[in-house]
Amino acid sequence: MQKKRVRSNFPSLIRILSVCSSLASLDHGRQVHAQLVRSQFDLDLYVASVLITMYVKCGDLVKAKQVFNGFTPKDIVMWNSIITGYAQHGLAEEALQVFHEMFSSGFMPDDVTFIGVLTACGYSGNVDEGLQIFELMRSRYKVEAKTAHYACIVDLLGRAGRVNEAMNLIENMSVEADAIVWGALLGACRTHKKFDLAEVAAKKLLHLEPNNAGPHILLSNLYASQGRWDDVAELRKNMRARNVNKFPGCSWIEVEKRVHMFTMGDSSGHPEHVMIVKMLEKLAGWLREAGYCPDGSFVLHDVDEEEKVNNLRYHSEKLAVAYGLLRVPKEMPIRVMKNLRVCGDCHSAIKLISKITGREIILRDANRFHRFKGGLCSCKDYW
């Protein structure tokens, strides 16, 4: 479009901005923002909300807050955008502060507001406050609880290990539990090793979404973690019979305005494959010296320990981080995106990598952001 000197209009810029959000392409998002300013489209309320969402999804909360603070008057969509942004980054205190500011400014929270606030409480472990807000949502603010709100509370309780309470809530919901609710319970059961209840949740998901690979994979992983390889084989046989295909885990990173994508166990298609492998070998040595021990429980295949360690080394997020260490300037954070939830072993490894290399690494997975710096993660290992 630019090469042919076709001037961008409002709809095209908004669509491009949405793509930047999905890919977490910060450099391109900044370019679109600049074009919106030049065209004076940035004065629009809707544009401000889309810009906030873009910066949030690209991991630049500082810029998102600048856009938010610089726009007057605000509408409910803008308030919800910044609250949701803080929630995705696990910053409950900031989300709650904006929530109270919104109320003080004369805006009544809606159902989207409460999804953001309850999510923030869940990601940060503020269980009591989350339960109190859920009650006030219905009693004070007269917002009817929907399945999304119940899913937040199931997640809130489940993360805290209160899995039986989460199950009781599902059984007494005023609406029928959907796949998101059962998925939240299943995730909690997997984390806290409540295998009996996990199997119940997984089978509910299979009933609700028989052609969705996710529940099949989760149940397969559950069986694998218990060494039930016959059940794993039977489940995979059923998947093949139903023609249910698994989406592979992949991670990507933007370097010099180009997106580089990696899938688990394979960087051979990348033009700098040899350098990436060498960096991974370097990292493996540094991690060993720092006391890191690979957690083979995250390799859910019936293979020996040596092969498990090798599989863990080539997870897609580690490949992307290795490439970021090679190509992203030292003064800039390394921003990695993943289409699935980051695995526990990679989370532990990247924490140490951030300490060893002195680099800030921002990882956006399917659920939330993890900001690694100095050997610590913004999630405080509560995820």
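The exercises below, each with a worked solution, concern a predicted model.

**Exercise 1. Two neighbouring helices, α13 and α14**

Task: Find how the axes of helix α13 and helix α14 are arranged, and which residues make the contact.

Solution:
- Step 1. Two packed helices are described by the angle between their axes and the distance between the axes.
- Step 2. Helix α13 covers residues 213-225 and helix α14 covers residues 229-242; their axes come within 8 Å and cross at roughly 165°.
- Step 3. Angles over 145 degrees count as roughly antiparallel, and α13 and α14 are therefore roughly antiparallel to each other.
- Step 4. The crossing of these two helices, α13 and α14, is left-handed.
- Step 5. From α13, the contact is made by H216, I217, L219, S220, Y223 and A224, and from α14 by W229, D231, V232, L235, R236, M239 and R242.
- Step 6. Sorted by class, the contact of α13 with α14 has eight nonpolar, two polar and three charged residues.

**Exercise 2. A second pair, α11 and α12**

Task: Describe the crossing of α11 and α12 in the same way, by angle, distance and residues.

Solution:
- Step 1. The axes of α11 (residues 179-191) and α12 (residues 195-208) come within 9 Å, and they cross at roughly 150°.
- Step 2. That angle makes α11 roughly antiparallel to α12.
- Step 3. The crossing of α11 and α12 is left-handed.
- Step 4. On the α11 side, A179, W182, G183, L185, L186 and C189 take part; they meet L197, A198, A201, A202, K204, L205 and L208 in α12.
- Step 5. The class count for the contact of α11 with α12 is eleven nonpolar, one polar and one charged.

**Exercise 3. The surroundings of K338**

Task: Decide whether K338 is buried or exposed, and find the side chain with which the K338 side chain makes a polar contact.

Solution:
- Step 1. K338 lies in strand β3, which runs over residues 334-338.
- Step 2. Its relative accessibility is 10%, and buried means under 20%, so K338 counts as buried.
- Step 3. The K338 side chain makes a polar contact with the side chain of E317, at 3.0 Å.
- Step 4. Apart from neighbours within four places in sequence, K338 is in contact with several residues, among them C250, W252, E317, C343 and D365.

**Exercise 4. C346 and E317**

Task: Locate C346 and state how far C346 is from E317 in sequence and in space.

Solution:
- Step 1. C346 is in helix α18.
- Step 2. With a relative accessibility of 0%, C346 counts as buried.
- Step 3. C346 and E317 are 29 residues apart in sequence, while their C-alpha atoms are 7.3 Å apart.
- Step 4. With neighbours within four places left aside, C346 is in contact with H315, E317 and K318.

**Exercise 5. Backbone values in three loops**

Task: Find what marks the backbone at A24, at E256 and between T72 and P73.

Solution:
- Step 1. Most residues other than glycine have a negative phi, and most peptide bonds are trans.
- Step 2. A24, in the loop between α1 and α2, has a positive phi near 55°.
- Step 3. E256 also has a positive phi, of about 50°, and is found in the loop between β1 and β2.
- Step 4. A24 is buried, at 4% relative accessible area, whereas E256 is exposed, at 70%.
- Step 5. T72 and P73 are joined by a cis peptide bond with omega about -5°; P73 is in the loop between α4 and α5.

Note on methods. Residues are numbered from 1 along each chain as its sequence is written. This is a predicted model: local features need pLDDT of at least 70, side-chain atom pairs count only at pLDDT 80 or more; totals for chains, interfaces and linings use all residues. Side-chain values use heavy atoms; hydrogens and water are left out. Axes are lines fitted to C-alpha atoms, for helices over the stretch in contact, and angles run from 0 to 180 degrees between N-to-C directions. Helices (H or I, at least four residues) and strands (E, at least two) are DSSP runs, numbered from the N terminus. Angles under 35 degrees count as roughly parallel, over 145 as roughly antiparallel, 65 to 115 as roughly perpendicular and the rest as oblique. A crossing is left-handed if the near helix is turned anticlockwise from the far one by less than a right angle, and right-handed if clockwise. Contact means heavy atoms within 4.5 Å. Ala, Val, Leu, Ile, Met, Phe, Trp, Tyr, Cys and Pro count as nonpolar, Asp, Glu, Lys and Arg as charged, and the others, Gly among them, as polar. Buried means under 20% relative accessible area, exposed over 50%, partly exposed in between (1.4 Å probe, protein chains only). A polar contact is a pair of N or O atoms within 3.5 Å; within protein, one must be able to donate a hydrogen and the other to accept it, and residues adjacent in sequence count only if both atoms are side-chain atoms.
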